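Work through the exercises below with the structure open beside you. Try each task before you read its solution.

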Amino acid sequence: MKITINNNEDINKMRIVCKKASQILEMIEYYIKPGITTEKIDYLCHNFIVNKTKSISACLGYQGFLKSICTSVNNVVCHGIPNNKKLKEGDIVNIDVTLYKNGFYGDTSKMFLIGNKYKKKIKKLCKETLKSLYISIKIIKPGIRLGLIGKTIQKYAEKKGFSVVRDYCGHGIGKNFHEDPIILHYEDYDNGIILKQGMIFTIEPMLNIGKFETYLDKDGWSVKTIDKKFSAQYEHTVLVTKNSYEILTLRKNENIDYIKI
Ligand code: MF3
Ligand code: CO
Ligand code: CO
């Protein structure tokens, strides 16, 4: 296992690509309304990525994936393929954007709730998934065990009555889309890895209303909950700094100060 320690020059390049990725999620918010298709969302994001951020979508062409973003609706956990089905009131969709620019990757995702009427439980699922990401980011500083991230997420999620997906995880990121270390969102055996200044990785917890088990759809990409219940995910790319952390994909209107640990 070789974990990259990024120098200042590389960190600055990561800041740039990650900020651009976060801008896609800011830009698309306005368009997410009942009646829009995930294909249209993909089209809008693609144009913005190419023309405004002058970046490349890392998803487009990745292992045969033919769209620029992932759109995971309702019981789709992650890696959903944009299609021509209209989103309707009460649906939830995760939009996951990974950009490539100047030799570096930035990866982020968030949930969008469609319309204004959702079941309480679904709204809570999205809110607590975001909070589980935030509390796990807040503990980050050099010297802590990497495993504490997953432990923190699982403890929080289960306290709130949700399950944590085990089959997919966060990852180191930088000159590669996916690199070491693997970031689990649940507690496992201690691999002994200690966080160090200059590490950059994603945290991207997926929380389910029902069981944590998933299966791969016959389309070869969409990961779905085994019990058809809803799933939510949020993702940030995070840098370990001298004393704490920096969220490289933080959006303009995003503030995590309300989280107390
Ligand atoms: N962005 C996803 C992640 O968080 C990976 C998507 S791969 C794709 O790691 F091919 F489905 F786009
Ligand atoms: Co990722
Ligand atoms: Co992603």
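The structure is a predicted model.

**Exercise 1. Find the protein donors of the cobalt ion (ligand 3) and judge their arrangement.**

Step 1. List the donors. Asp96 gives two OD atoms, Asp107 gives an OD atom, and Glu235 gives an OE atom. They lie 2.1 to 2.4 Å from the cobalt ion (ligand 3).

Step 2. Check the angles. The 6 donor atoms around this ion subtend angles of 58 to 169°. Six donors count as octahedral only if opposite donors are over 155 degrees apart and all others lie between 65 and 115. The angles of 58 to 169° therefore make the arrangement irregular.

Step 3. Look at the sequence. The donor residues are spaced D-x10-D-x127-E. Two of them link distant parts of the chain: aspartate 107 and glutamate 235 are 128 residues apart. Aspartate 107 sits in strand E5 (residues 104-113). Glutamate 235 sits in the loop between strand E13 (231-233) and strand E14 (236-240).

**Exercise 2. Do the same for the cobalt ion (ligand 2), and find the residue that bridges it to the cobalt ion (ligand 3).**

Step 1. List the donors. The cobalt ion (ligand 2) is coordinated by Asp107 (OD), His171 (NE2), Glu204 (OE) and Glu235 (OE). The distances are 2.1 to 2.2 Å.

Step 2. Check the angles. Here the 6 donor atoms subtend angles of 51 to 158°, so this arrangement is irregular too.

Step 3. Read the spacing. In sequence the pattern is D-x63-H-x32-E-x30-E. Aspartate 107 in strand E5 and histidine 171 in strand E7 are 64 residues apart, so to speak from distant parts of the chain.

Step 4. Name the bridge. Aspartate 107 coordinates both ions, and the two ions are 3.3 Å apart.

**Exercise 3. Decide whether aspartate 107, glutamate 235 and histidine 171 are buried or exposed.**

Step 1. Recall the cut-off. Buried means under 20% relative accessible area.

Step 2. Apply it. Aspartate 107 has 2% relative accessibility, so it is buried. Glutamate 235 has 0%, so it is buried as well. Histidine 171 has a relative accessible area of 5% and is also buried.

Step 3. Look at the surroundings. Leaving out residues up to four places away in sequence, aspartate 107 touches a list of residues including Asp96, His171, Glu204 and Glu235. The side chain of aspartate 107 also makes a polar contact with the side chain of threonine 98, at 2.9 Å. With the same residues left out, the contacts of glutamate 235 include Leu133, Thr202 and Thr249.

**Exercise 4. Compare the metal site with the UniProt record.**

Step 1. Read the record. Under "binding site", an unreviewed UniProt entry lists Asp96, Asp107 and Glu235.

Step 2. Test whether they gather. These residues span 140 residues in sequence, yet no two of their C-alpha atoms are more than 7.9 Å apart, so they gather at one spot.

Step 3. Place them. Asp96, Asp107 and Glu235 are among the residues that line the largest pocket.

**Exercise 5. Describe the other "binding site" residues in the record, His79 and His178.**

Step 1. Read the record. The unreviewed UniProt entry lists His79 and His178. The lining of the largest pocket takes in both.

Step 2. Place them in the chain. Histidine 79 is in the loop between strand E3 (76-78) and strand E4 (92-101). Histidine 178 is in the loop between strand E7 (170-172) and strand E8 (179-183).

Step 3. Judge exposure. Partly exposed covers the range between buried, under 20%, and exposed, over 50%. Histidine 79 is at 28%, so it counts as partly exposed. Histidine 178 is at 39%, so it counts as partly exposed.

Step 4. Find the contacts. Beyond four places in sequence, the contacts of histidine 79 include Phe65, Tyr168 and Trp221. With neighbours up to four places away left out, histidine 178 touches Tyr62, His171 and Gly172. Its side chain makes a polar contact with the side chain of tyrosine 62, at 3.2 Å.

Notes. Residues are numbered from 1 along each chain as its sequence is written. Chains are lettered from A and ligands numbered from 1 in the order in which they are written. This is a predicted model: local features need pLDDT of at least 70, side-chain atom pairs count only at pLDDT 80 or more; totals for chains, interfaces and linings use all residues. Side-chain values use heavy atoms; hydrogens and water are left out. UniProt positions are given in the numbering used here, feature names are shortened, and annotations may be inferred rather than shown by experiment. On a 1 Å grid over the protein atoms alone, a cavity is a set of points where a 1.4 Å probe fits but cannot get out, and a pocket is an open set with protein on both sides within 12 Å along at least five of seven lines; lining residues have an atom within 4 Å of a point. Helices (H or I, at least four residues) and strands (E, at least two) are DSSP runs, numbered from the N terminus. Buried means under 20% relative accessible area, exposed over 50%, partly exposed in between (1.4 Å probe, protein chains only). Contact means heavy atoms within 4.5 Å. A polar contact is a pair of N or O atoms within 3.5 Å; within protein, one must be able to donate a hydrogen and the other to accept it, and residues adjacent in sequence count only if both atoms are side-chain atoms. Donors are N, O and S atoms within 2.8 Å of the metal (3.2 Å for Na, K and Ca); water is not among the atoms, so sites may look incomplete. Four donors count as tetrahedral if all angles lie between 85 and 135 degrees; four count as square planar and six as octahedral if opposite donors are over 155 degrees apart and all others between 65 and 115; anything else is irregular.
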